[in-house]
Structures are given as structure tokens and as C-alpha cells.
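Let's take a walk through this protein together, with the structure open beside the text. Rotate the view as you read, and look up each residue as it is named.

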Amino acid sequence: MEVTCLLSVWMVVGAFGSTAPLHKMNDQAGRCIYSFTVHSANEARCADQGEAMTAIQALQQESKAQRLELVSARARLGLLENLVNQLHGNQAGKDASLSVVGLVQTEVESLMREQAQQNAQVSRLESTISNLLLDKSLLEEDKRQLQEEKEELGQRLEISVQDIAQLRASQCPQFGEAPTMDSFQGSREVSKWNTEHSDYQELQSELADSHLFQKRPSTSHSVAEAVESDCGMLVWIGEPVTFHRAENIAGKYGVWMRDPDPVSPYSHETTWRIDTVGTNVRQVFEYYNTDQFMKGYPSKVHMLPRSIESTGAVVYRGFLYFQRRNSKILVKYDLKIEVITVQKELPNAGYHGQFPYSWGGYTDIDRAVDELGLWAIYSTENAKGAIVLSKLDPETLEIEQIWETNIRKQSVAFMICGSLYTISSYSSPEATVNFIYRTSTETSEPLNIRFEYRYGYNSMVDYNPAGRKLLAWDNFNMVAYDVKLSKM
């Protein structure tokens, strides 16, 4: 123990040198205490107790001041943290607000699109309703006329029965059975001809004698060819010969056609018929020959892939040319293979009631075939209701040439040898062919050629250059007229 103490004292003495005097003394418990004194470079003597307390208090005040500064710094730091958080919160709120605005704009655009679609649907519905109301008014007018015809037929039937009774009473020679009530059952029986009856045989004899629809050489290529043929100006129209009567109300208006330049398997006798009353007209009745047509027995019924509009259809070189419903699109339909081969819009043409013939029926666009080929008869906004003629390529339906006439659209019109003819009225007993427009000279002049309406309501007239006939649809009845042309 003593050695350890000595070593410790020696180390201290070694560390501080001779400037640290060593003292030895016993404490109250009798233990040996070694102490040494080190001279301070800053203090000459030790502070007394009062001075020490003053120094301690000064240190405490300084420590307190430092703590207050620390608390103040912490408070300022908290405020800064809150401000930073608020700034971050504002930025997030701004981003959220922008996101909400974007969603609202997207929703508004979606609602506007839905509104536009609804408006379009409403417009289509209004158009459909308008068409239905128009069709309804037409049907009501037809119903009224049919009622009048029914009453007239009833009166005529009663008179006929009385006449027959008088003839029987006078014992006149009988050439057949007297008519009975069963023979007057309305339009359902009109088309069922009795081939053994004398009336039918008489009509067949008349047809044979007059060579009705006799085949003529086709000359439908150019103006020069038309001039070299027996083309000329219309000078006379014969009386109508009735071939058939429609069976129901759908046939009040219609169109019947024969191909002036037929291709196999069709002939000049093959007949096509379309009843055009209705909003979805698609049936085309085909008759192999005149006999079938007169009896009312179709050999085939075509169901068109598109609805037809108006009575302006024609058949040419094995194709049916017609106008699509509620549009200015012309359609070329192959009757043999039963497909649409060409669809072409007629530029600027009025349609669906803009510039129809005076009898109505959405007859804005009419087609015609003559010695020169295929034509379109219509009007435009620029022409303001005057007839516009377009010569069409039958293969592509492209317009080859256009003529703007000074003739207003009236009841019906047709083409012969490249000249346009119009009829003054569709129902007047005094109707006439009243104008001609020559495409060769682009001139027009008035005419006065009698045109007889036997049944009082003509909705279609077309020229057939092969048979040199006018085909017409006169109030349910399909009739034909002979014509004469002057030499050119």
C-alpha cells in the first residue's frame, strides 16, 4: 500500500515538477493524507465562499438565459414548421382543386355529348313522326277516295244487276253467264283473269293486231345513232290500254317497267312492278311475260336490300335503277344475281319533298330511259324548282352531261330521243303534253298534245323505246299508250 502511494506521489511530482509542493498530514480518522499545491496562472488566491456563491448564481442566470433563448428558438422553429406545413397543405389543396376542376370539365363534356346524341335522336324521331303523319294523311285521303269509289261501284253494280234482269226478261241472246255479286268482290279479284272468258280473248286479239310491245332494234348509244334511226318529235298519243289493276291500297301509286335493251334471261315481255305506297317499299314483282302480268301471277318477288323512294325507277340492260329512301343516292341493282352493284349520290339534287312532281309522292328524282340511254330528271336549289337533266353513265352512274331547263316541274315528265316532255296535270281530263325541251339545241317550246287519264290520277309516265310505248300508272291501273313521232 505504501509502495503504491509512493508511486502515485512520484508520478504527480513528475507531472508537475518542483512547482507542486507535497504535504503530508493525518485526518481526523487517523488516516494519512497527502496533498500538494499547484500555483494558478490566473488566480492569486482561492475564492472565499461568498464569491463562489456569486459565481454560481451568475452561472445559473446565464444558464437560465440560455434556456429562455432555447425555448424562444424552439417556439420560432415550431412556427416555421407550421408555416411550412401550411404551405405544403395549400399546394396539395391547389393540386386537389385542379384535379376536381378537371373531373368536372370531363363530366361536363360527357354530358354535352350525351345531350347532342339525345338531340340527334329527337331530331330523327321528329322526322319519323313527320313522315308517319304525312303517310297517315295520304292513307286517309286514299281511304276517302276508296270509299267514294266503293259507293260509285255499288251504284254501278246495282244498275248492272237491273240491266241484266231487264235483258233476261226480254230474253236477249246470252253469250255467257250473267255477272253475279261474287264477280264484284273488289280489287282482290281484279287481277285474276279468266283466260277462257270472251273479254280476255278479245283483249289478246287486240294486242296481237296492234303488235303491242313489239320488239324494236335497240338504238340507245349516241345522238348520231338516234338521229339515224326513226327518232323524231312526239306528235300523237293514243288511248290507254289497261294491262293490270293493283290488288290493294299499296298499289294506288306505283311504277311498272319493261327493259328496252334486255339481257338473258329476260326479254322484251318481262315486266317488273313496284307498289310505292308505304314507308318501307322493298318488294319488286317480276312477271315472265305479258300473260302472267295480266293475270297477276308474278314469277318472282325481289326483296331489295334498301328501301325505294318515289315512282321514278327504271329497268335497263338487266339492272333496276332506283332512288334510296330519304336520300339523293341512286342505286343500281342487278336483277339476275339480286345484289346492289353501284350506289352514287346525285350532286345538289333536291329529295324527299323538296322539288317533287305536283302530285307529291317524294318524286323529287325521276329516272328515264330513251334511245340515248339513262337519264335523271330532278331540280336543285340553284334551279329553284326548274327541271335539271343529267345524262348518266349506266355502268357507274357518273354524270356525263347536265342541262338546266326553264321548265317547271309539274305533274310528270318523260324522255324521247333526247328530248324532255312534260304533262300539264296528273288528274285533269283535259291534260296535255305541254312542253318540250331539246337537249341537242338547249331550246324549249310549248306543245298541245292530248293525254287521256282514264282513271283520274296519274303518278308515273315512262317511255319504252323498244316498244315505242308510254307506260303509266293511273290510280291503281297499269296502262300503256301508243305514240307517233315525226321524222327528224
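## Rings, cores and sheets

Phe243, Trp256, Tyr287 and Phe293 form one aromatic cluster. In the structure, which is a predicted model, there are 13 aromatic pairs. What kind of pair do the rings of Phe451 and Tyr453 make? Their centres are 5.4 Å apart and their planes stand at 70°, so the pair counts as edge-to-face. Phe451 and Tyr453 are both buried.

**The protein as a whole**

The protein holds 5 helices and 23 strands. Of its 488 residues, 37% are buried. The accessible surface comes to about 28,700 Å², and carbon and sulfur atoms account for 54% of that area. If you take the contacts between residues at least 6 apart in sequence, 53% of them join residues at least 24 apart.

**Two nonpolar cores**

The largest nonpolar core has 41 residues, and Leu234 and Val433 are the ones with the most contacts inside it. Strand β17, residues 412–416, gives the most to this core, with 5 residues. Apart from this core lies another one, of 29 residues, including Tyr266, Leu320, Tyr333 and Ala480.

Which residues does Leu234 touch, leaving out those up to four places away in sequence? Its partners are Phe414, Ile416, Tyr421, Val433, Ile449, Val483, Lys484 and Leu485.

**Around strand β18**

Two of those partners of Leu234, Phe414 and Tyr421, also meet across a strand pair: Phe414 stands opposite Tyr421 in β18. Strands β17 and β18 run antiparallel and are joined by 5 bridges. The two form a hairpin with 2 residues between them, and in the turn Cys417 has a positive phi of about 50°.

Is strand β18 largely enclosed or largely open? Strand β18 covers residues 419–423, and 5 of its 5 residues are buried, so the rest of the structure largely encloses it. Ser419, Tyr421 and Ile423 point one way from β18, while Leu420 and Thr422 point the other way, and all of them are buried. Strand β18 also pairs with β19, residues 432–438, in the antiparallel sense over 5 bridges. In that pairing, Thr422 stands opposite Phe435 in β19.

**Two open sheets**

Two open sheets are worth viewing one after the other. One has 4 strands in the order β5-β6-β7-β8, with antiparallel pairing. Strands β5 and β8 (300–308) stand at its edges, each with a single partner strand, so one side of each has no neighbour in the sheet. Neighbouring strands here are turned by 20° against each other on average, direction ignored. Within this sheet, β5 and β6 pair over 5 bridges, and Gly254 stands opposite Asp275 in β6.

The other sheet has 4 strands in the order β13-β14-β15-β16, and its pairing is antiparallel. Its edges are β13 and β16 (399–408); each has a single partner strand, so one side of each is left without a neighbour in the sheet. On average, its neighbouring strands are turned by 25° against each other, direction ignored. Strand β14, residues 373–378, and strand β15, residues 386–392, pair over 5 bridges in the antiparallel sense. Trp375 stands opposite Lys391 in β15.

**Backbone spots to check**

Most residues other than glycine have a negative phi, and most peptide bonds are trans. The table gathers some places to check against that background.

| Site | Backbone value | Location |
|---|---|---|
| Ser264 and Pro265 | cis peptide bond, omega about 10° | Pro265: loop between β5 (254–258) and β6 (271–275) |
| Asn348 | positive phi, near 65° | loop between β12 (339–345) and β13 (366–370) |
| Glu442 | positive phi, near 55° | loop between β19 and β20 (443–450) |

Is Asn348 buried or exposed? Asn348 has a relative accessible area of 59%, and the cut-off for exposed is over 50%, so Asn348 is exposed.

Conventions:
Residues are numbered from 1 along each chain as its sequence is written. This is a predicted model: local features need pLDDT of at least 70, side-chain atom pairs count only at pLDDT 80 or more; totals for chains, interfaces and linings use all residues. Side-chain values use heavy atoms; hydrogens and water are left out. A nonpolar core is a set of buried Ala, Val, Leu, Ile, Met, Phe, Trp, Tyr and Cys residues joined through side-chain atoms within 4.5 Å. Buried means under 20% relative accessible area, exposed over 50%, partly exposed in between (1.4 Å probe, protein chains only). Contact means heavy atoms within 4.5 Å. Two strands pair if DSSP finds at least two bridges between them. Accessible areas come from the Shrake-Rupley method with a 1.4 Å probe; for residues, only the protein chains shown count as cover. Axes are lines fitted to C-alpha atoms, for helices over the stretch in contact, and angles run from 0 to 180 degrees between N-to-C directions. Rings of Phe, Tyr and Trp (its six-membered ring) pair if their centres lie within 6.5 Å; planes under 30 degrees apart count as stacked, over 60 as edge-to-face and the rest as tilted.
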